[in-house]
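Q: Hi! Could you walk me through this structure?
A: Happy to, here it comes.

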Amino acid sequence: MTTTTETTADTTATATVLKADGVTMRFGGLTAVRDVSLTVRSGEIVGLIGPNGAGKTTFFNCLTGLYVPTEGRVAYKGTTLPPKPHLVTQAGIARTFQNIRLFANMTVLENVLVGRHTRTKEGLWSALLRGPGFRRAEEASRARAMELLEFTGLAEKADHLARNLPYGEQRKLEIARALASEPGLLLLDEPTAGMNPQETRATEELVFAIRDKGIAVLVIEHDMRFIFNLCDRVAVLVQGQKLVEGTPDVVQADERVIAAYIGSPMEDSPEDEALAEVQAAEAAAGAADTQEDAK
């Protein structure tokens with residue numbers, strides 16, 4: 001599959017935040033992502049789209065240390081990332097997930113405080129003794145968490161249990177928790193899934209506000225109107241490979257992109273079969289990792 005040359009404005013003066021070179025991810029004999037390269041620069045919002053089974057979430061997992069790429073390199077601000085999720089977060093990359101992963105029985109504020117763990121320096125003994133240093137750090141974390149809840153419009157619900165929030169606000173809370181780690185790059189995996197038009201518009205405005213704070217954003221989304229309104233550049237994955245990358249206008253006009261979305265049958269499509277294979281392979285890999293950790 002041929003990848004076109006990137007069509008972007010001159011950004012040579014803009015710092016590169018994320019650089020993925022030739023990322024490939026195999027599960028046994030199945031190649032879920034093949035030789036994908038992508039760059040995200042400071043101040044950019046970049047979209048990643050493609051049919052079901054295209055490898056988008058697998059690629060995200062390679063970027064964030066959940067998977068160790070079979071081949072290729074992922075670097076954040078010029079430094080190769082370690083293959084451990086908590087170290088990737090500590091380096092400066094945060095993410096949300098396609099399926100909401102909140103602590104349902106914790107409050108909204110407590111959920112955001114969890115996201116602060118990579119930015120607090122107090123150790124075990126400090127926590128046990130609860131000395132002045134620990135109390136100052138705790139107060140600073142609470143203040144920052146409340147700032148983020150205010151930013152996302154959730155401050156009035158700080159003491160509510162996360163499970164009692166409406167769906168759209170749970171999505172916002174996930175974003176607030178991710179922002180609590182003070183990232184330079186935020187990865188959003190289908191942030192508007194299941195939302196109504198009003199919630200989608202609010203999410204769009206929130207992402208713009210995040211970008212205006214100097215945080216680069218890489219987003220997976222199936223809502224094409226949302227993506228093309230939001231992003232400076234868009235990359236398209238099909239069957240694990242990058243088909244095209246460019247501005248929204250360029251990508252929308254590409255005949256191969258149109259064919260990838262509307263040129264295949266709605267039922268029993270190759271994409272559906274590919275998605276099932278990838279999910280089965282990922283499940284098998286996860287089970288193997290669990291067994292290895294248990295030893």
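A: One term to begin with: two strands pair if DSSP finds at least two bridges between them. Strands (E, at least two residues) and helices (H or I, at least four) are DSSP runs, numbered from the N terminus.

Q: Which residue in S8 is the bridge partner of Leu185?
A: Ala216 is the bridge partner of Leu185. Strand S7 (residues 185-189) and strand S8 (residues 216-220) pair in the parallel sense over 5 bridges.

Q: Is this model predicted, and how are residues numbered?
A: This is a predicted model, where local features need pLDDT of at least 70 and side-chain atom pairs count only at pLDDT 80 or more, while totals for chains, interfaces and linings use all residues. Residues are numbered from 1 along each chain as its sequence is written, and side-chain values use heavy atoms, with hydrogens and water left out.

Q: What is the strand order in the sheet of 6 strands?
A: The order is S6-S7-S8-S3-S9-S10, in an open sheet with mixed pairing. Strand S6 (93-95) and strand S10 (241-246) are at the edges with a single partner strand each, so one side of each has no neighbour in the sheet.

Q: New topic: how many residues does the largest nonpolar core have?
A: The largest nonpolar core has 42 residues, and Val112 and Leu149 are among those with the most contacts inside it. Such a core is a set of buried (under 20% relative accessible area, 1.4 Å probe, protein chains only) Ala, Val, Leu, Ile, Met, Phe, Trp, Tyr and Cys residues joined through side-chain atoms within 4.5 Å. Helix H6 (residues 167-179) gives the largest share of this core, 5 residues.

Technical notes: Buried means under 20% relative accessible area, exposed over 50%, partly exposed in between (1.4 Å probe, protein chains only).
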